[in-house]
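Hi,

Here is the structure I promised to pass on. Have a look at it first, and then read my notes below.

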Amino acid sequence: MQVVTYEMLVQEEKNRQVAAAIFTGLAAAGNAYSASQAGYGHYTAPSGRTGTFYSPTAAVIAQSNASAQNEAMIASTVEAGQRNMAVLEQSIIKDNTLMPGEWYGGQLHLAPPVASESGGPKTYTIVITVGTDRHVIDIAQGPAGA
């Protein structure tokens with residue numbers, strides 16, 4: 001069974017943030033392009049004549065809205081990344097030296113073992129010994145919903 005380290009979780013979060021930044025950038029670019037085209041339009045006169053027109057007012061409104069939406073989208077992406085990193089920093093057990101009398105709390109992440117080919121339930125026992133204290137953790141793995 002693999003122990004997923006704090007560093008591995010941080011790297012996973014950084015990779016997620018890079019992907020989110022790329023997709024947010026693409027969405028912002030699409031939004032800006034769409035707004036840049038907002039002032040243009042086509043018309044057909046009753047006589048059948050067709051043409052194009054440009055409305056600077058419509059263009060300014062669309063570009064202003066797109067700018068505000070893009071700023072909010074980027075700020076939300078950055079805030080989510082910072083929040084996720086803070087949660088990791090505060091809640092994941094890291095490689096630390098504890099002095100006598102100190103304690104440390106957090107989460108321990110273990111990669112799930114590969115299920116058996118038969119698909120039947122599996123049980124695992126994890127034994128953690130700290131000084132003279134012995135902690136036994138029993139884990140049962142089975143199909144979802146079982």
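Let me start with one residue, T123. Leaving aside residues up to four places away in sequence, T123 touches I139 and A140, where a contact means heavy atoms within 4.5 Å. T123 sits in strand β5, and with a relative accessible area of 65% it is exposed. The cut-offs for that word are these: buried is under 20% relative accessible area, exposed is over 50%, and partly exposed is in between, using a 1.4 Å probe and protein chains only. From T123 to G142 the C-alpha distance is 8.6 Å, with their positions 19 residues apart in sequence.

Before the rest, a word on what you are looking at. This is a predicted model, so local features need pLDDT of at least 70 and side-chain atom pairs count only at pLDDT 80 or more, while totals for chains, interfaces and linings use all residues. Residues are numbered from 1 along each chain as its sequence is written, and side-chain values use heavy atoms, with hydrogens and water left out.

The overall layout

The protein chain has two helices and six strands, and along the sequence they come in the order β-α-β-β-α-β-β-β. Helices (H or I, at least four residues) and strands (E, at least two) are DSSP runs, numbered from the N terminus. Of the 146 residues in the protein chain, 16% are buried. If you take the contacts between residues at least 6 apart in sequence, 47% of them join residues at least 24 apart.

The two helices

Helix α1 covers residues 6-36 and helix α2 covers residues 56-91; their axes come within 9 Å and cross at roughly 175°. That angle makes α1 roughly antiparallel to α2. For the angles, under 35 degrees counts as roughly parallel, over 145 as roughly antiparallel, 65 to 115 as roughly perpendicular and the rest as oblique. The axes themselves are lines fitted to C-alpha atoms, for helices over the stretch in contact, and the angles run from 0 to 180 degrees between N-to-C directions.

What kinds of residue make up the contact of α1 with α2? They divide into 17 nonpolar, eleven polar and four charged. Here Ala, Val, Leu, Ile, Met, Phe, Trp, Tyr, Cys and Pro count as nonpolar, Asp, Glu, Lys and Arg as charged, and the others, Gly among them, as polar.

Two residues are worth clicking on here. A35 is in helix α1 and counts as buried, at 4% relative accessibility. Beyond residues up to four places away in sequence, A35 touches A59, A62, Q63 and A66. The C-alpha atoms of A35 and I61 are 8.6 Å apart, although the two are 26 residues apart along the chain. N70, in helix α2, is also in the buried class, at 11% relative accessibility. With the same sequence neighbours left out, N70 touches A28, N31 and A32.

The hairpin of β2 and β3

Strand β2 (residues 40-44) and strand β3 (residues 50-54) run antiparallel and are joined by five bridges; two strands pair if DSSP finds at least two bridges between them. Y43 stands opposite G51 in β3. Five residues lie between the strands of this hairpin, and G48 takes a positive phi near 100°.

How many aromatic pairs does a search of the whole structure find? One. The ring centres of Y40 and Y54 are 4.7 Å apart and the planes are at 50°, so the pair is tilted. (Rings of Phe, Tyr and Trp, its six-membered ring, pair if their centres lie within 6.5 Å; planes under 30 degrees apart count as stacked, over 60 as edge-to-face and the rest as tilted.) Since Y40 lies in β2 and Y54 in β3, the pair ties together parts that are 14 residues apart in sequence. Y40 is exposed at 52% relative accessible area, whereas Y54 is partly exposed at 44%.

Look at G39 too, in the loop between α1 and β2. G39 is buried, at 1% relative accessibility, and its contacts, again without those sequence neighbours, are F53, Y54, S55, A58 and A59. From G39 to P56, 17 residues along the chain, the C-alpha separation is 5.9 Å.

The hairpin of β5 and β6

Back to the strand that holds T123. Strand β5 (residues 122-130) pairs with strand β6 (residues 133-141) in the antiparallel sense over nine bridges. K122 stands opposite Q141 in β6. Two residues lie between these strands, and G131 takes a positive phi near 60°.

Cheers
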